[in-house]
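Visitor: I would like to learn how the words used for a protein model are earned. Could you walk me through it with the picture in view?

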Amino acid sequence: MNVASYPSNLDNDDYSCSSNDFYFAQEAGETNGKETATKTASALMVAASAKAGMEDIDRERINAILLRESGNSSFMERQRKMDENSNKRILEMKQRLSEKDNNTTNKEWRIEMERSVIDPQIATYRALRRPLSTCVVIDMDSFFISCHILDQPHLADIPSCVGGSSMISTSNYVARKYGVRAAMPGYLGSTLVKELSGGKDCLTFVKSDFNLYKRKSAEVKAILEEYDPKLKMYSLDEAYMDIMPYLEVKMNDESMIHEAITKHLNTISTNNLKPQLPLHEAFSVSTIHADVQNLLTSIRQRVKDVTGLSCSAGIASNFLLAKIASDINKPNGQHFVGSAEQQILDFIQPLPIRKIHGIGRVMEKTLYGVCGIEHVQDLYDHRAEVQFLFKRATADFLLRASIGFSDCNKHREDSAEDDDDEAIHRKGISHERTFAPTSNWSDLCNKLETITLCLVQDLRERNLMPNTVTLKVKLASFDILTRAVTRNVAFVFDQNNTQSSSAQELVDVAVNLMKEAKRVRDKKLAKGCFSVRLLGVRCSNFQLHKETQFSLDRYRRKTSQSPIINPYASPKRDVVANSTNEEAKDAPSLNLGQISCPMCTRIFQSDQNQELNSHVDSCLNAPTVRELCKEETASADERAKKKQKRTLNDFFIA
């Protein structure tokens, strides 16, 4: 973030609230200027929200400094525009709610909705709760800066962070006492430390070293995998584990040492075996939970001994709760949430809704502005309004959050996913970089090429084949432009595939998208306004391997007598599954080295893979499928008429 874009020494009027901001503050009874400014800061800036280690800071003074230093910046101007849009949306939602109350004849619609729709769903969720708290989230403490402290111990005792004047990646816990956190411009952090310490301290910056972070993360992962081979790491410093299988082996056979348990876990992981007797039926819940906490303490200590880094952890019956719990006793601590219903509610419901992973500042403001929801208990109490106002997916997420429920089985299922499963479940994969604003076209193309090549490497490692490429451009004004293109033939970055795409192909697509974004921008505004501060490339709409090379073998005929099976049709309606069927006589016969489309039975030569791939993709399109269904239905009706065994009336009369 450019320091020059954040002018300092602004008058108080420069960061006063907009009329809508004041409206919502006033409606909540907050007419005090400081409280309004605090609300505005947290509503506009991620840097104004709290992190672990920031519990006792002077939030009002910190927010006032943040607004003073950045009040008239391009970033804040854009944030205010976005905030005004949020305010309009809140007013619209309140209007919808008011119309519902005024126009409906059933004034008890909330109670009726809760009783008939929402509460039965809640009962279903509660029935799916796991009986034991064995879900663990490991969160490394201020990971980036802690890696540097290993070699520079003096950094632990002074306010320090990884990053520069533009942006902070991570700050240590000394700096957090001054309100310095990740996602904050470095110069703002320096100002906070200088002013709040009275000039006694200054913020020390350390240059990032991602090779170091990856190396230390790999060390941590190697340790944790001994306790859960299927663990998931969604970032370098955070791991999601289920230690139930480890405990089942350990508690059922106390003679087994750690190495033997790890070997056994890898065996059952490979063969998909499951223990015979559930752990909670063999031991008391209190005994199991005591062992869980002792085991986790030993895991954290082992991470500390081997890597020199401390970590915090949360233990619960699902990962939503465990994620929240991992933040409670930071640094170097752990928090346990019991699996009983009342234990879960006692933990989750007093929390601010912002503690829920997935609820950000915009959703927080919306829920508070429309329904006055501040805590998870409020979210549960207003579940009918939430169900009425929000789209189904959002409403269901908020409903699950209000009772502290998430599907922890997804972790186990995703861990065993193959290439096609990842292509199904993963929505996209992206890379982006922030840099000093520049309008130099050559520099932008070079940066875009570097970003795209990193993305190609990730696609190659995950064996993903994207059809859609999206470019993200953030201008110096913080306006965001996006352009996307979808190809009929997916990008394939498999070196063993003769039809593999080159990395340069994706680079060319990304550059052409940037040209288009610039052309549209220049058309709207004067030329020369295309100054960029961030570029990102995203690939999505992944093609399944089973739609191409892997599963095509299923439709190859080595001999003309081999049947062609249509996996998309039911057995009763598959006209080519059984060669004795009368309809199969009309099916085209295949010779050696020929392939038939599984949908329409069109014949291709075995070396026409690309043509077949494109054809199968078109066959799987919804309009084509509908046409095929119509044709098949018409054919079935025609056959039924010929047989004339029974009519629909005969059926009902019988």
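Guide: Let's start just after helix α8, where Gly 198 takes a positive phi of about 70°. Keep in mind as we go that this is a predicted model.

Visitor: Which residues of α8 are buried?

Guide: Gly 186, Tyr 187, Leu 188, Gly 189, Thr 191, Leu 192 and Val 193 are the buried ones in α8. The elements that cover them include α3, β3 (168-171) and β4 (204-206).

Visitor: What makes α3 oblique to α8?

Guide: Look at the angle: the axes of α3 (residues 59-70) and α8 (residues 186-196) come within 10 Å and cross at roughly 130°. Angles over 145 degrees count as roughly antiparallel and 65 to 115 as roughly perpendicular, and the rest that are not under 35 are oblique. The angle fits neither of those ranges, so α3 is oblique to α8. Their crossing is also right-handed.

Visitor: Which residues meet where α3 and α8 touch?

Guide: From α3 come Arg 61, Ile 62, Ile 65, Leu 66, Arg 68, Glu 69 and Ser 70, and from α8 come Tyr 187, Leu 188, Thr 191, Leu 192, Glu 195 and Leu 196. By class, this contact has seven nonpolar, two polar and four charged residues.

Visitor: Why is α9 called oblique to α13?

Guide: The reasoning runs along similar lines. Helix α9 (residues 210-224) and helix α13 (residues 285-307) have axes that come within 10 Å and cross at roughly 140°. Roughly antiparallel needs an angle over 145 degrees, and the crossing falls short of that, so α9 is oblique to α13. This crossing is right-handed. Lys 216, Glu 219, Val 220, Ile 223 and Leu 224 of α9 meet Ile 299, Arg 302, Val 303, Val 306 and Thr 307 of α13. That contact is made of six nonpolar, one polar and three charged residues.

Visitor: How do you know whether Thr 452 is buried or exposed?

Guide: Buried means under 20% relative accessible area. Thr 452 has 0%, so Thr 452 is buried. You will find Thr 452 in helix α22 (residues 441-462). Leaving out residues up to four places away in sequence, Thr 452 touches Leu 506, Val 507, Ala 510 and Val 537.

Visitor: What makes Ala 183 partly exposed?

Guide: Partly exposed lies between buried, under 20%, and exposed, over 50%. Ala 183 has a relative accessible area of 39%, so Ala 183 counts as partly exposed. Ala 183 sits in the loop between α7 (173-176) and α8. Its phi is worth a look too: Ala 183 has a positive phi of about 70° although it is not a glycine.

Visitor: Why would a positive phi be worth pointing out?

Guide: Because most residues other than glycine have a negative phi. Asn 463 is another example to find: it is not a glycine, yet its phi is positive, about 55°. Asn 463 is in the loop between α22 and β10 (466-475), and its relative accessible area of 23% makes Asn 463 partly exposed.

Visitor: Where is there a cis peptide bond?

Guide: A cis peptide bond joins Lys 330 and Pro 331, with omega about -10°. Pro 331 lies in the loop between α14 (319-325) and β8 (334-336). Most peptide bonds are trans.

Visitor: How many helices and strands does the protein have?

Guide: There are 27 helices and 15 strands. Of the protein's 654 residues, 44% count as buried.

Terms used: Residues numbered from 1 in each chain as written. Predicted model: local features only at pLDDT ≥ 70, side-chain atom pairs only at ≥ 80, totals over all residues. Heavy atoms only, no water. Axes fitted to C-alpha atoms, helices over the stretch in contact; angles between N-to-C directions. Helix = DSSP H or I, 4+ residues; strand = E, 2+ residues; numbered from the N terminus. Left-handed = near helix turned anticlockwise from the far one by under 90°. Contact = heavy atoms within 4.5 Å. Nonpolar A, V, L, I, M, F, W, Y, C, P; charged D, E, K, R; others polar. Buried < 20%, exposed > 50% of the residue type's maximum accessible area, 1.4 Å probe, protein only.
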